[in-house]
Amino acid sequence: MAERPGDGDADTTLITKTKPKTQKPPLYKVLLLNDDYTPMEFVVHVLERFFGITHGQAVEIMLTVHKKGIAVVGVFSHEIAETKVAQVMDFARRNQHPLQCTMEKEE
């Protein structure tokens with residue numbers, strides 16, 4: 001029996017499957033900024049309505065915004081943070097308040 005070319009060559013190629021390292025998607029902080037015009041009660045209402053927090057927590061965050069000028073309201077995935085910011089900004093505009101809400105990548 002004649003050997004075919006290549007039959008005698010031992011194939012020593014090793015195929016390894018490398019498991020790709022999956023990273024958790026980055027999280028984003030949603031921030032509320034202080035202004036001199038938006039009533040405190042409105043800010044509390046926004047926090048309860050769009051972030052589902054208790055009245056006590058909402059008052060605490062509102063006071064932090066009032067005293068420090070800014071406060072983190074929550075930490076979310078990009079899409080959720082973006083939606084929350086849009087909801088708050090839209091609601092504030094429709095109620096004629098200059099309330100500012102923004103987001104930034106968590107370090």
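**At what angle do the axes of helix α1 and helix α3 cross, and within what distance do they come?** The views below all show one predicted model, and the first of them answers this question.

**View 1. Helix α1 beside helix α3 in the predicted model.** Helix α1 covers residues 40-51 and helix α3 covers residues 78-94. Their axes come within 11 Å and cross at roughly 140 degrees. Angles over 145 degrees would count as roughly antiparallel, so α1 is described as oblique to α3. The crossing of α1 past α3 is right-handed. On the side of α1, the contact is made by Phe-42, His-45, Val-46, Arg-49, Phe-50 and Phe-51. On the side of α3, Lys-84, Gln-87, Val-88, Phe-91 and Ala-92 take part. Sorted by class, the residues of this contact are 7 nonpolar, 2 polar and 2 charged.

**View 2. The whole protein chain and its order of elements.** The secondary structure of the chain comprises 3 helices and 3 strands. Followed along the sequence, these elements appear in the pattern β-α-α-β-α-β. The protein chain has 107 residues, of which 30% are buried. Among the contacts between residues at least 6 apart in sequence, 71% join residues that are at least 24 apart. The next view shows one residue with contacts of this kind in detail.

**View 3. Val-30 and its surroundings in strand β1.** Is Val-30 buried or exposed? Its relative accessible area is 0%, and the limit for a buried residue is under 20%, so Val-30 counts as buried. Val-30 and Val-73 stand 43 residues apart in sequence, yet their C-alpha atoms are 5.6 Å apart in space. Neighbours within four places in sequence are left aside in the following list of contacts. Val-30 is in contact with Phe-51, Ala-71, Val-72, Val-73, Gly-74 and Phe-76, and also with Ala-81, Val-85, Cys-101, Thr-102 and Met-103. Phe-51, which is in this list, is also one of the α1 residues that make the contact with α3.

**View 4. The salt bridge between Glu-104 and Lys-29.** A search of the whole structure finds 2 salt bridges, and this view presents the one formed by Glu-104 with Lys-29. The closest N and O atoms of the pair are 3.3 Å apart. Glu-104 belongs to strand β3, whereas Lys-29 belongs to strand β1 (residues 27-33). The pair thus links distant parts of the chain, 75 residues apart. Glu-104 has a relative accessibility of 37% and counts as partly exposed.

**View 5. The salt bridge between Asp-90 and Arg-94.** Here the side chains of Asp-90 and Arg-94 meet at 2.9 Å, N to O. Both residues lie in helix α3, 4 residues apart, which is about one turn of the helix. How accessible is Asp-90? With a relative accessibility of 40%, Asp-90 counts as partly exposed. Arg-94, at 55%, counts as exposed, because the limit for an exposed residue is over 50%.

**View 6. Gln-96 in the loop between α3 and β3.** Strand β3, which follows this loop, spans residues 100-105. The phi angle of Gln-96 is near 55 degrees, a positive value in a residue other than glycine. Gln-96 has a relative accessible area of 74% and is exposed.

Methods:
Residues numbered from 1 in each chain as written. Predicted model: local features only at pLDDT ≥ 70, side-chain atom pairs only at ≥ 80, totals over all residues. Heavy atoms only, no water. Axes fitted to C-alpha atoms, helices over the stretch in contact; angles between N-to-C directions. Helix = DSSP H or I, 4+ residues; strand = E, 2+ residues; numbered from the N terminus. Parallel < 35°, antiparallel > 145°, perpendicular 65-115°, else oblique. Left-handed = near helix turned anticlockwise from the far one by under 90°. Contact = heavy atoms within 4.5 Å. Nonpolar A, V, L, I, M, F, W, Y, C, P; charged D, E, K, R; others polar. Buried < 20%, exposed > 50% of the residue type's maximum accessible area, 1.4 Å probe, protein only. Salt bridge = Lys/Arg side-chain N within 4 Å of Asp/Glu carboxyl O.
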